[in-house]
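Trainee: Could you walk me through one part of this model in detail? I'd like a close look at the place where two domains of a chain meet.

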Amino acid sequence: MTPFNRNFGQGRSREGITPDMNWRELTKAGNIYEPGNANTYETGDWRTIRPMWNEERCIHCLICWRYCPDASIFSTDGKFDGFDYKHCKGCGICANVCPTHAIDMISEDEIDEQKEARENEE
Amino acid sequence: MKNRVALTGNEAVAQAMRQINPDVVAAYPITPSTEVVQMFSSFVNNGKVDTEFVTVESEHSAMSATMGASAAGARAMTCTSSQGLAYMFEVVYVAASMRLPIVFPVANRALSAPINIHCDHSDAMGIKQSGVIQLFSENAQEAYDNMIQAIRIAEHPDVLLPVSVNYDGFITSHALDVLEILDDDTVKEFIGEYHPQEALLNVNEQLSMGNFDMYDYYFEHKYQQVAAMENAKRVIEEVGKEYAKISGRTYGLIEAYKLDDADMAIVVMNSAAGSAKGVCDELRAKGLKVGVLKPRAFRPFPHEAIVDALKGVKAVAVLDRAETFSTLGGPMFADVRTALYDLKADIKVVNYVYGLGGRDLRLEDVEQVYNDLGDIIKTGKVDKFVRYLGLRE
Ligand code: SF4
Ligand code: SF4
C-alpha cells in the first residue's frame with residue numbers, strides 16, 4: 001500500500017488528474033472523462049479518529065461493512081478484510097454497530113505520536 | 001447582397017437569432033427584451049427556425065435550461081434584461097465556469113428599487129466578474145453585428161465562454177433604426193455548423209461536467225477562465241476582421257474616434273457613444289482637440305488597447321451608466337483609471353455617472369464634460385473626480 005498522505009487532496013491517482021498538474025494540464029472546467037475515478041481521489045485525510053480492527057473479537061458478521069457510509073470496509077469471501085483508510089472518514093459508525101466491539105476508534109494524533117516515537121527509537 | 005432595413009434594436013437582435021437558428025432557446029420575457037423572445041417564438045411557430053423553444057418559469061430556469069442544452073451539445077441561447085439578469089446571476093457564473101459557449105442578448109436596464117424599466121447599465125455591471133464576455137453595442141446595427149460575431153467568439157476553441165451582447169434598453173431596443181442585415185446564407189456560412197468539442201449526449205464518450213472541486217484544483221480551473229478571457233481579446237479582433245469581409249463593417253475591442261491628436265477624451269459605451277461622437281464633431285469644427293473612446297468589449301477589458309488609444313491625451317472623462325456605491329465612482333472608471341496608472345503620464349482621469357434609470361444624456365451634458373476637461377487641462381487641478389451628470393444637486 002502506498003504511504004498515506006495526511007494533506008487533504010494530495011492523493012495520487014494512477015490515471016487522470018493529480019495535484020502536481022498545472023492549470024494547462026488539468027482538464028477544462030474540471031470535466032471528468034473516466035468513470036469511477038472517485039476511487040483514485042483520496043478523501044480520507046480529514047479523519048481525526050481511525051477505526052482499528054480487533055481480529056480475536058470479530059465474528060465476521062459484516063454488519064460494519066453494510067453500515068459504513070463510505071464503503072470503506074473491505075470484505076473477501078464473506079469475511080471482514082480491513083479498512084480502506086484512503087476513503088474512511090472516521091465517523092465511527094462501524095465501531096458503534098459492531099455487536100462484539102471488535103472495532104476501536106483511535107485518535108489519529110495518538111497514532112502519529114506513536115509512529116514518531118517509534119521512528120525516534122530507531 | 002446587402003439588405004437595408006428599418007428595424008428596432010430588438011427586431012434586429014431577433015433577426016440575428018433567426019439567422020443563427022440555434023438548436024435550443026430557453027427564455028422568459030422581461031421588459032425591454034420581451035420583444036426578442038416574442039418575435040423569436042413566432043419564428044419558431046412559423047417554421048422559420050428549427051429551434052426547440054423552451055418556455056420556462058423564470059430567468060434562473062432560462063439560463064439553467066440553456067446551460068443544460070449547451071452541455072448536452074446544442075447551440076443554445078437565451079435572452080434577458082435587468083431583474084431577469086439579476087435573477088439569472090447565479091447560473092451565469094455556472095455557465096461561464098463550465099465553459100459553455102452560450103450567446104445571450106441583454107437589453108440594458110436599471111435594477112429596482114425604486115422600480116424603473118429604463119436604460120441603465122447596472123444589470124450588465126452586476127455580472128462583470130462572472131466570467132462571461134460582454135460586448136456593448138452603440139445602435140441596432142452593432143447589436144445585430146455583435147450577435148453574429150458572438151457565436152464565433154463564444155465557440156472558438158481557445159475561448160469557450162458565454163457571450164452577452166448588450167444594447168441600451170428602449171434607446172436601442174425600441175427605437176427604429178436603419179441598418180443592414182446580411183443574407184441568411186452568408187450568416188449561416190460565417191457562423192458554421194456547430195460541432196462541440198464534447199457533449200453529454202455523445203454516447204461514444206464518457207463525460208461528467210460541473211463536478212466538485214476542492215482547493216487543490218479550483219484555483220487552477222479559475223485561472224483557466226482567466227486564460228480564456230485573455231485569448232478572447234485576440235479572438236474578438238480576429239472575428240471582427242473576418243466579419244468586415246462579409247459586411248464591410250470593421251469591429252475591434254474598442255472604437256477610437258478622433259483620438260489621434262486629441263487632448264481630451266470621453267470614454268463611454270453603448271448608445272451614449274453616439275451622442276458623444278456628435279458633440280465631438282461639433283467641437284472639432286470649432287478647433288477643439290477632442291475625441292471619443294468606445295469600448296466594444298468590456299469583459300475582457302481591453303486595457304492594452306485603451307492605454308494605447310489614450311496615451312497621448314491630457315484629460316479623460318469616463319462616463320458610467322451605473323453606480324458601484326464604492327464612493328470611488330462607476331465600474332468602468334475604476335478599470336480605465338487602473339489601466340492608465342502604469343503609464344505614469346500626467347493624464348487626469350475623472351468620472352461622470354450619468355443617465356441612471358433612463359435619464360437622457362443631453363448633448364449639452366456631453367459638451368459640459370468636454371468644457372470641464374478643458375478647465376482641468378488649463379488649471380491642472382481636479383476638484384472633484386467623481387461627478388454626477390444631470391443630477392439635481
Ligand atoms: S461488525 Fe464487528 S464483528 Fe461484524 S464483521 Fe464488522 S468488525 Fe467483525
Ligand atoms: S469509521 Fe465510518 S467511514 Fe470509516 S470504516 Fe467505519 S463506518 Fe466506514
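Mentor: Here is a tour of that domain interface, from the overall layout down to single side chains. Keep in mind that this is a predicted model. The domain assignment splits chain B into domain 1 (2–247) and domain 2 (254–389). Where they touch, domain 1 of chain B puts in 30 residues and domain 2 of chain B puts in 27 residues. Measure from C-alpha centre to C-alpha centre and you get 28 Å between these two domains of chain B.

Now for the surface they cover up. Together, domain 1 of chain B and domain 2 of chain B bury about 2200 Å², with 51% of it on carbon and sulfur atoms. On the domain 1 side of chain B, the residues that lose the most area to domain 2 are B:Phe136, B:Glu138 and B:Lys233, which together make up 29% of what that side buries.

Next, the polar side of things. Between domain 1 and domain 2 of chain B, the count comes to four salt bridges. Across the same interface of chain B, 19 residue pairs are in polar contact, with both residues at pLDDT 80 or more.

Which pieces of domain 1 of chain B do the touching? At least two residues each come from helix H5 (122–126), strand S6 (133–137), helix H6 (140–155), strand S7 (163–168) and helix H8 (218–247) of chain B. Sort that side of domain 1 of chain B by class, and you find twelve nonpolar, eleven polar and seven charged residues.

Finally, a salt bridge to look up on screen: the side chains of B:Lys294 and B:Glu142 pair up at 2.6 Å, N to O.

How values were computed: Residues are numbered from 1 along each chain as its sequence is written. Chains are lettered from A and ligands numbered from 1 in the order in which they are written. This is a predicted model: local features need pLDDT of at least 70, side-chain atom pairs count only at pLDDT 80 or more; totals for chains, interfaces and linings use all residues. Side-chain values use heavy atoms; hydrogens and water are left out. Domain bounds come from an automatic or database domain assignment. Contact means heavy atoms within 4.5 Å. Buried area is the accessible area (1.4 Å probe) that two parts lose on being put together, summed over both. A polar contact is a pair of N or O atoms within 3.5 Å; within protein, one must be able to donate a hydrogen and the other to accept it, and residues adjacent in sequence count only if both atoms are side-chain atoms. Helices (H or I, at least four residues) and strands (E, at least two) are DSSP runs, numbered from the N terminus. Ala, Val, Leu, Ile, Met, Phe, Trp, Tyr, Cys and Pro count as nonpolar, Asp, Glu, Lys and Arg as charged, and the others, Gly among them, as polar.
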